[in-house]
Amino acid sequence: MAVEEADRDEVITPSRPLTGLEREAERLRPVEVQHPHALYREVLPGIIQAPADYLLAMARKSSLWPMTFGLACCAIEMMSAYMSHHDLDRFGIVPWASPRQADVMIVAGTVTKKMAPAVKLLYEQMPNPKWVVAMGACATNGGPYTRYDRVVQGVDKLIPVDVYVPGCPPRPEALMDGFIALQEKIMRDRGSIG
Amino acid sequence: MTSPHEGPQEAPIVPPPPGTIADLFQEVLPDVEFTATQGAGDVILIIARDDVPRVLRTAKDEPRLDLKYLRCLLGIDHMEGGLEVVYQLYSFTHGHGVTIKTRLPLDDPRVASATPIWKGADWLERETAEMFGITFEGHPNPVPLLLPDDLTDHHPLRKDNPFAQMEEWQGMRLGDEASKVGHIPAGYESIAGEGGEEDGG
Amino acid sequence: MATEVERELETLDINVNVGPQHPATHGVFRMVLTVSGEKVVDVVPHIGYMHRGAEKLSEGVDYRQGLIYQDRSEYLAQFNAEMCYCQAVEKLAGLEVPERAEYIRVILAELNRITSHYMFVGAFATDIGVYGTAFTYAFREREYIQEIFEAVSGDRMMYGYFRPGGVVWDVTDDFKDRVRWVCGQTRVGIDDIDRLLTKNEVFLSRSLDIGCISKEDAIDYGLSGPMLRASGLQFDLRRAEPYSIYDRFEFDIPTGSRGDVYDRYLVRMEEMRQSVRIVEQAIEQMPDGPIMPEKAPRRLRLPPGEVYMRTENPRGEYGIYLVSKGGEKPYRLKIRSSCLSNLTALKQMIVGHYVADAVVILGSVDIVLGEVDR
């Protein structure tokens, strides 16, 4: 009994006014420290087990860095999507000019036959894993310019495309929808990408 | 193939009212043959191909004309009528402008270059040359401007140059009724207009 | 004793390819700079990477459908391009545009000029090195105006709202209030960017006396728009050859004196303020009434003839040379591109400056590749 009482904190019920020393002791009493304890340490012994491709796919989809490849009018809507009104940065998407460090190539605009070798070269310069988003009607199948013989009727005649975003130009919300579809595709295909 | 019009009709030659820039040109160059007509906006002067360098040089240097600003340079393909080169000029000091045209025969499409006169004619002539196959004599740098260097076998803006084929639609084969250009799906005939594109797949 | 040591160094001129994919080339434009050390000795611009054949394709569609190619060729100032096209067709067809439609057209065209200049300021500041701040401001202000465009026409960018004869449908009821609000907001936005950039020392040192071009050269090369006005010639098509109802409004024409990059920036900033003035006057004067002429034909058949119609686009003089030989489709539609003519002077402006200035000068020309290549 005596031990328990000694363990408890002393509660002062003053029957006389406190002295200066006692008031100071009261003021300077340190806080009660509650040591944080991780729940998972009680549940799991400090190791999370998850499939590697799951983690890699989650990491890749959450920080897709597109190469700025705005060719034509769709580039303006792509820029609008990056800007503060329809922020794409909250998805982890940061526009990056160099193809060597980019994950995604957004082909925004018409690909002409003069530009085709440059498109292929840039695609080959990107390291794996890489994805391509064909933004707009022109990149999908030539768009309003499909009947001109100097226009490549869709960028999928040159490089493999993962997501097509239709529109002329597609709204920034449509581009966001395309990115979300790409993220779902990355998760779905996680077993097949290295 | 470009759709045939109901027979292309030329605009009638309407002589401009007196006091316009056509009279000024006639005064300054009395020995050059002009055909002056009043277009929808400006006065149009039609001259022969060989007079082109002299007329353009005079148009720029003569103080009464002072047409120092070359606004536009284009070519027109008139099929059997030959090719045509059009110059659109303007003067800031006098505030007047004129359109000068000249016809070139189909088998010999050469004309003197306007680049020595206006520096801005450089790129415009390059573009007209590659689009129509016109040779501008005296041009300092006659390489194609807009078309790729290795694909200049034909000239796109000539009328005998067809449009590209539309690629076949997903799931349909070329030759299917529904994949023909101008096909109207069942149930929509009432709101579709008559006509549409005459050229099919 | 003179200690002048002359050394002969063997140097090589390097070709630097500012390639078609580049963050600072405003689209697919390629220029090959020949540099000796850091100074540029020669510039060869290569264009045509966006050549999509708008002129050829316009010959295959009729006059109402041909409007879409105008939107997409000048994709930052669409209403101005549509206005030029519609006026060219109206001139040949002899259509009279009703008053209300004219006012709507002018208001939308001037607001579009403001958005286009905002885009210029954002991109130009990014080229100089501000990298993102002015760009974000500019896009925020553009969104306010684009909301009005979307409410009126249904699309954020490719409006297709003008028709030969008028506009396709009437504006919303709150149009006047929204436009008034956006005018006030634009003034605040312009002042924001002004405070950020105009007297900034780094901005000044990177843009004063860079890329000068004299008035005579500017006229010879065929420059137009803010480039010509910055070189000292006070010429604006809305004043000199008024089209639509521009002769009813009071506005000033800002003109530069040195013809350098800084003057072009100042001219465009001031033009934005003048556009706000025009919009405010127009919105007060806008009458009620029809927006298409009563006897507007369902299918437009134009008589044979030719016309060259020009408008003052944000980038210069945009012209349409329309050749009609009867029928419903144009025989030849030539687009006189303001940016193409402005680009011809690039070599003269860049040669002699440093490599870093080449990008700034290109930014000051304010090109839109869809218009250069069509």
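**Close-up 1. C:Ser244 occupies the loop between helix H10 (237-240) and helix H11 (261-285) of chain C.** In this predicted model, C:Ser244 has a positive phi of about 50°, although the residue is not a glycine. With 18 other C-beta atoms within 10 Å, C:Ser244 is classed as partly exposed, since a residue counts as buried only if 20 or more such atoms lie within that distance and as exposed if there are 12 or fewer.

**Close-up 2. C:Arg374 lies in the segment after helix H15 (369-373) of chain C.** C:Arg374 is likewise not a glycine and has a positive phi of about 50°. Is C:Arg374 buried or exposed? The count for C:Arg374 is 24 other C-beta atoms within 10 Å, and this residue is therefore buried.

**Close-up 3. An open sheet of 3 strands in chain C follows the order S1-S2-S3, with antiparallel pairing.** Strand S1 (14-18) and strand S3 (39-46) of chain C are the edge strands, each of them pairing on one side only, and the twist from one strand to the next averages 25°. Strand S2 (residues 30-36) of chain C is joined to S3(C) by 7 bridges, the two strands running antiparallel; within S3(C), C:Val44 is the residue that stands opposite C:Val32. Helix H14 (residues 355-365) of chain C lies across S1, S2 and S3 of chain C, and runs at about 150° to S2(C).

**Close-up 4. Two cis peptide bonds that precede proline are shown in chain A.** One of these bonds joins A:Asn128 and A:Pro129, with omega about -10°, and A:Pro129 is found in the loop between helix H6 (116-125) and strand S3 (131-135) of chain A. The other runs from A:Cys168 to A:Pro169, with omega near -10°, and A:Pro169 belongs to the loop that lies between strand S4 (163-165) and helix H8 (172-188) of chain A.

**Close-up 5. Chain C meets chain B through 39 residues of chain C, which are in contact with 36 residues of chain B.** On the side of chain C that touches chain B, the elements that each supply at least two residues include helix H1 (54-58), helix H3 (78-93), helix H8 (215-221), strand S7 (316-324), strand S8 (332-336) and helix H12 (338-343), together with strand S6 (305-313) of chain C. The largest share of this side, 5 residues, comes from S6(C). By residue class, the side of chain C that touches chain B divides into 15 nonpolar, 11 polar and 13 charged residues.

Definitions and conventions
Residues are numbered from 1 along each chain as its sequence is written. Chains are lettered from A and ligands numbered from 1 in the order in which they are written. This is a predicted model: local features need pLDDT of at least 70, side-chain atom pairs count only at pLDDT 80 or more; totals for chains, interfaces and linings use all residues. Two residues are in contact if their C-beta atoms, placed from the backbone, lie within 7 Å. Helices (H or I, at least four residues) and strands (E, at least two) are DSSP runs, numbered from the N terminus. Ala, Val, Leu, Ile, Met, Phe, Trp, Tyr, Cys and Pro count as nonpolar, Asp, Glu, Lys and Arg as charged, and the others, Gly among them, as polar. Two strands pair if DSSP finds at least two bridges between them. Axes are lines fitted to C-alpha atoms, for helices over the stretch in contact, and angles run from 0 to 180 degrees between N-to-C directions.
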